Amino acid sequence: MNASTPLLSVRDLQVHYGPALALSGVSLDVPEKSALAVLGANGAGKSTLARALSGLVPPTAGRVEFAGRDITAAAPDAVRRSGLVHLPEGRGVFPGLTVQENLRMALTPAGAERGGAIDRAFTIFPVLGERRRQRAGTLSGGEQQMLSLARALMITPRLVIADELSLGLAPRLVDVVFEGLERARAAGVAIIMIEQFAHRALEFADRCVVLQRGSVAWSGPASGAGEEVLRHYLGEAESA
Ligand SMILES: Nc1ncnc2c1ncn2[C@@H]1O[C@H](COP(=O)(O)OP(=O)(O)OP(=O)(O)O)[C@@H](O)[C@H]1O
C-alpha cells in the first residue's frame, strides 16, 4: 500500500437480501485517519453497508479493499483482526460478565500490555473505571455503549464503523460517545460514522456520503453537505 492508497476502498458494492437489492453500485474511499459520515433516511442501506464492510453479509458484487488487501469475502473475525472494527447498533457486550472482564476479553490473546490497555480505557471512560466490577447487563444503555466503544478500542483498530452509537441516548451521553470517538480519532483511528444526528456527524467528519435506496445519492466534503442536501435526502425531521 503506498501513501496515496486509501485505507478503505469500496468499489461498486452490491448486496442482496434474498431477491431484494439492498445496495447497488456503492463506491467510496476512506483515507487513513479520516472520518466519513454516512447519512440516509430509514432503510437507505446504511447498516447494510456497515455489515457488508465487516463481513457480516456477503456482497453479491463489487470489491472491498482494506489496508491494501482484498477483504470482499472475508469472514467477520478476519476483518476484525485486520483492524476494521464494526460497532453495531445495540450493545455488543457480554451482559453476564463484569466491565473489566468485557474489556479483557476484547484484547487479543497476545495483548502484551493487558493492564495498560484496560487502564487507558478507564482514563477515556472514567465511569467504566468506577463500575469495573459491575456486570455489563446492569449498566445503563449509555454506559453499555461506552463499554462497546471501549471494547473496540482495546485492539487499536485502524478503522471503526460506528453504527448509530448515539441511538436512544440522553444528550449528555451522546456527548460522551462523541468524545470517545474524538479521542479514538486523535489517536489515529479512521472512523465511518453512521448517525441519526446529521449535524453532529457532519461537524465530526471530513467527508460525507448520503445513501438513498441503496445507492450513493450525494458525496462530498462534510462542510459542503448544507441544509439543502439534508432536506432533500433526509427530510427536514432527520436533519434536525
Ligand atoms: N436481514 C434482512 N433481510 C431482508 N431485508 C433486509 C434485511 N436487513 C435489511 N433489509 C432491508 O434492506 C434495506 C436497507 O436496510 P438497512 O438496515 O441497511 O437501512 P438503514 O439505512 O440502516 O436504515 P435505518 O436508519 O432505519 O436503520 C431496507 O429496505 C431493509 O428493509
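Colleague: Let me begin with one residue: in which helix is Leu181 found?

Modeller: Leu181 belongs to helix H7, which covers residues 171-186, and I should say at once that the model we are reading is predicted.

Colleague: How should I judge burial here, and is Leu181 buried or exposed?

Modeller: The general idea is to count other C-beta atoms within 10 Å, and 20 or more make a residue buried. Leu181 has 22 such atoms around it, and is therefore buried.

Colleague: Which residues is Leu181 in contact with, once its neighbours within four places in sequence are left aside?

Modeller: With those neighbours set aside, the contacts of Leu181 are Ala162, Ile191 and Phe204. Thr138, on the other hand, lies 43 residues away from Leu181 along the chain, and the two C-alpha atoms are separated by 24 Å.

Colleague: Turning to the sheets, in what order do the strands of the six-stranded open sheet run?

Modeller: The order is S6-S7-S8-S3-S9-S10, and the pairing is mixed. Strands S6 (84-87) and S10 (215-221) are the edge strands, each of them pairing on one side only, and from one strand to the next the twist averages 15°.

Colleague: What does the pairing look like at either end, and how many bridges join S6 to S7?

Modeller: Four bridges hold S6 to strand S7 (residues 159-163), and these two strands run parallel; within this pair Val85 is placed opposite Val160 of S7. S9 and S10, by contrast, run antiparallel and are joined by six bridges, and Cys208 has Gly220 in S10 as its bridge partner.

Colleague: What is to be noticed in the hairpin of S9 and S10?

Modeller: Two residues lie between the strands of that hairpin, and Arg213 adopts a positive phi near 45°. Gly214 is also placed in the loop between S9 and S10, and because 23 C-beta neighbours lie inside 10 Å of Gly214, this residue counts as buried.

Colleague: Which residues does Gly214 touch, apart from those up to four places away in sequence?

Modeller: Gly214 touches Leu21, Ala22, Leu23, Ser24 and Gly45. From His86, in turn, Gly214 is separated by 128 residues in sequence and by 19 Å in space, C-alpha to C-alpha.

Colleague: How is the open sheet of four strands arranged?

Modeller: Its order is S2-S1-S4-S5, with antiparallel pairing. S2 and strand S5 (69-70) stand at the edges with a single partner strand each, so that one side of each has no neighbour in the sheet. Further in, strand S1 (residues 8-17) runs antiparallel to strand S4 (residues 61-66), with five bridges between them, and Arg11 stands opposite Arg63 in S4.

Colleague: Which strands of this sheet does H1 touch?

Modeller: H1 packs on the sheet through S1, S2 and S4, and its direction makes about 70° with that of S2. H1 also lies across strand S3 (35-40), S6, S7, strand S8 (190-194) and strand S9 (207-212), where it runs at about 150° to S7.

Colleague: Which residues surround the ligand?

Modeller: The shell consists of Tyr17, Ala20, Ala22, Gly40, Asn42, Gly43, Ala44, Gly45, Lys46, Ser47 and Thr48. By class, four of these residues are nonpolar, six are polar and one is charged. Strand S2 (20-30) and helix H1 (46-53) each provide at least two of them, and the largest share, three residues, comes from H1.

Colleague: Where should I look for backbone angles out of the ordinary run, and what is the phi of Asp12?

Modeller: A sign to look for is a positive phi in a residue other than glycine, and Asp12 has one, near 50°. Asp12 lies in strand S1 and is partly exposed, because 13 C-beta neighbours fall inside 10 Å. Ala67 likewise has a positive phi near 50°; Ala67 is in the loop between S4 and S5 and, with 17 other C-beta atoms within 10 Å, is partly exposed.

Colleague: Finally, which residues of helix H3 are buried?

Modeller: In H3 (residues 99-106) the buried residues are Val99, Asn102, Leu103 and Ala106. Around the axis they cover an arc of only 95°, and therefore they lie on the same side of H3.

Note on methods. Residues numbered from 1 in each chain as written. Predicted model: local features only at pLDDT ≥ 70, side-chain atom pairs only at ≥ 80, totals over all residues. Near = placed C-beta within 6 Å. Nonpolar A, V, L, I, M, F, W, Y, C, P; charged D, E, K, R; others polar. Pairing = 2+ DSSP bridges. Contact = placed C-beta atoms within 7 Å. Axes fitted to C-alpha atoms, helices over the stretch in contact; angles between N-to-C directions. Buried ≥ 20, exposed ≤ 12 C-beta atoms within 10 Å, placed from the backbone. Arc of directions from axis to C-beta.
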